[in-house]
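Biologist: Before I rely on words such as "buried" or "paired" for this protein, I would like to hear what stands behind each of them. Could you take me through the reasoning, one term at a time?

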Amino acid sequence: MDMTAADRFDTSRFEASRNRLASLAYRLLGSAADAEDAVQDAFLHWQAADRQRIKVPEAWLTKVATNLCLDRLRSAQARRERTVGAWLPEPLLDGDPMLGPADTFEQRETVSLAVLTLMERLSPLERAVYILREAFSYSHAEIAEILDITESASQQHLHRARHRITAARRSGGELDPASARRIVEEFLDAASSGRTERLVALLTDDATAISDGAGLTKKLLQYDTPERIAAIARAGFKSTPAKQRLAGGVSAVHFALVNGAPAILFVPGGKVVGAVTFDVTGAKIATVRGIAAPARLVRLTEAWRQHEPDTPLITQW
């Protein structure tokens, strides 16, 4: 086998792990763009390595990719960008391979926007142990090898991570698609018609709403009572010529599943310019997230353009 053929073989071995590495990096970083960069860096490390000495490529690549992500999480730039109240994870359309593995509820939950947000409360090591264990089912011995820690340290990090996430999480289990769509339709109908009482009735008593302000504000906009959320929803869902100009044209409003949760997407001309996602608890909405910063919607737009959408909830907004 000449060197060219050997390089092709080694590249194919890396490509066989690419989607898994991207899924791992996305869970660790909460950003598809950063995950893609981390996977590309892992490929450069793979190319530079003495690959004949690597006995188990999957394990080697997992270790490299995980530690590249940890370096990013620990960087001064990441700490500035991800300060509490200033960061939201990047939403992904259901079916995106970066959301895998998704065979179990626990695996799917690790890519929910709720848990990705809660993981910001963890240390980088706690986050890595939690993801490696909950989403990829690595043993504590394997995690210890990947992170260069002891097995007992891995167990302690997992215990703390589970405790912190469970204590802060408001989980209502998984919704079937029909129920998810019904709740979204009721919310959209109440918001667009200005029915404040109906909006409040759809929200839990401790509901919260978070918006990235379309990337125009340094800190997230947060609202913490059903009445305030209803007022903001009424104003936000009212179509105006100014909003249409800002969106780049008249939007169709679609129902979608984003990171496993029901969502409303605003789509003018095939480009997603806004996503509103809902966490549902006990058939009521517990959290509303508005994401419209263009950088956070690039991959979602790419997936949407390859997607066959249902009939819009609103054809012209």
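**What stands behind the words**

Modeller: Let me begin just after helix 8, which is followed by Asp148, a residue whose phi is positive, near 60 degrees. Please keep in mind throughout that this is a predicted model.

Biologist: Which residues of helix 8 are buried, and what makes you say that they line one face of the helix?

Modeller: The buried residues of helix 8, which spans residues 140-147, are His140, Ile143, Ala144, Ile146 and Leu147. Seen down the axis of helix 8, these buried residues fall within an arc of 165 degrees, so they line one face of the helix. What covers them includes helix 3 (57-74), helix 7 (124-134) and helix 9 (151-168).

Biologist: What puts the buried residues of helix 12 on the same side?

Modeller: In helix 12 the buried residues are Pro226, Ile229, Ala230 and Ala233. They cover an arc of only 100 degrees around the axis, and therefore they sit on the same side of helix 12. Their packing partners are helix 10 (177-193), helix 11 (196-202), strand 1 and strand 2.

Biologist: Why does Thr110 count as buried?

Modeller: Buried means under 20% relative accessible area, and Thr110 counts as buried because its relative accessibility is 1%. Its place is in the loop between helix 5 (105-109) and helix 6 (113-118). Leaving aside neighbours within four places in sequence, Thr110 is in contact with Arg27, Val115, Leu116, Met119, Tyr130, Ile131, Glu134 and Ala135.

Biologist: Why, then, is Gln47 called partly exposed?

Modeller: Exposed requires over 50% and buried under 20%, with partly exposed in between; Gln47 has a relative accessible area of 43%, and it is therefore partly exposed. Gln47 lies in helix 2, residues 32-48. The C-alpha atoms of Gln47 and Phe14 are separated by 9.4 Å, with the two residues 33 apart along the chain.

Biologist: How do you know whether Trp304 is buried or exposed, and what does Trp304 touch?

Modeller: The relative accessible area of Trp304 is 5%, and the cut-off for buried is under 20%, so Trp304 is buried. Trp304 lies in helix 14, where Arg299, Leu300 and Thr301 are also buried. Not counting residues up to four places away in sequence, Trp304 touches Leu93, His254, Ala256, Leu265, Val267, Gly270, Val272 and Pro309. For helix 14 as an element, what covers its buried residues includes helix 2, strand 3 (252-258) and strand 4 (261-267). Trp304 and Arg169, by contrast, are 29 Å apart in space, C-alpha to C-alpha, and 135 residues apart in sequence.

Biologist: What makes strand 1 and strand 6 a pair?

Modeller: Two strands pair if there are at least two bridges between them, and strand 1 (residues 203-211) and strand 6 (residues 284-291) are joined in the parallel sense over five bridges. Within this pairing, Leu203 stands opposite Ile285, and the bridge partner of Ser211 is Gly290. Strand 1 also pairs with strand 2 (residues 221-223), here in the antiparallel sense over three bridges, with Ala209 opposite Tyr223.

Biologist: What is the sense of the pairing between strand 5 and strand 6, and what makes strand 6 mostly covered?

Modeller: Strand 5 and strand 6 pair in the antiparallel sense over seven bridges, one of the bridge partners being Phe278 with Val288. These two strands form a hairpin with two residues between them, and Gly282 in the turn has a positive phi of about 60 degrees. Strand 6 is described as mostly covered, with six of its eight residues buried.

Biologist: What is the volume of the largest pocket, and how do its lining residues divide?

Modeller: The largest pocket has a volume of about 1,000 Å³. It is lined by 38 residues, of which the closest to its centre are Ser211, Ala214, Val273, Gly274 and Ala292. The elements that give two or more residues to this lining are strand 1, strand 2, helix 12 (226-236), helix 13 (241-247), strand 5 (274-281), strand 6 and helix 14 (298-305). By type, the lining divides into 25 nonpolar, seven polar and six charged residues.

Key:
Residues are numbered from 1 along each chain as its sequence is written. This is a predicted model: local features need pLDDT of at least 70, side-chain atom pairs count only at pLDDT 80 or more; totals for chains, interfaces and linings use all residues. Side-chain values use heavy atoms; hydrogens and water are left out. Helices (H or I, at least four residues) and strands (E, at least two) are DSSP runs, numbered from the N terminus. On a 1 Å grid over the protein atoms alone, a cavity is a set of points where a 1.4 Å probe fits but cannot get out, and a pocket is an open set with protein on both sides within 12 Å along at least five of seven lines; lining residues have an atom within 4 Å of a point. Grid points are joined across faces, edges and corners, and a volume is the space filled by probe spheres set on the points. Ala, Val, Leu, Ile, Met, Phe, Trp, Tyr, Cys and Pro count as nonpolar, Asp, Glu, Lys and Arg as charged, and the others, Gly among them, as polar. Buried means under 20% relative accessible area, exposed over 50%, partly exposed in between (1.4 Å probe, protein chains only). Contact means heavy atoms within 4.5 Å. The arc is that of the directions from the helix axis to the C-beta atoms.
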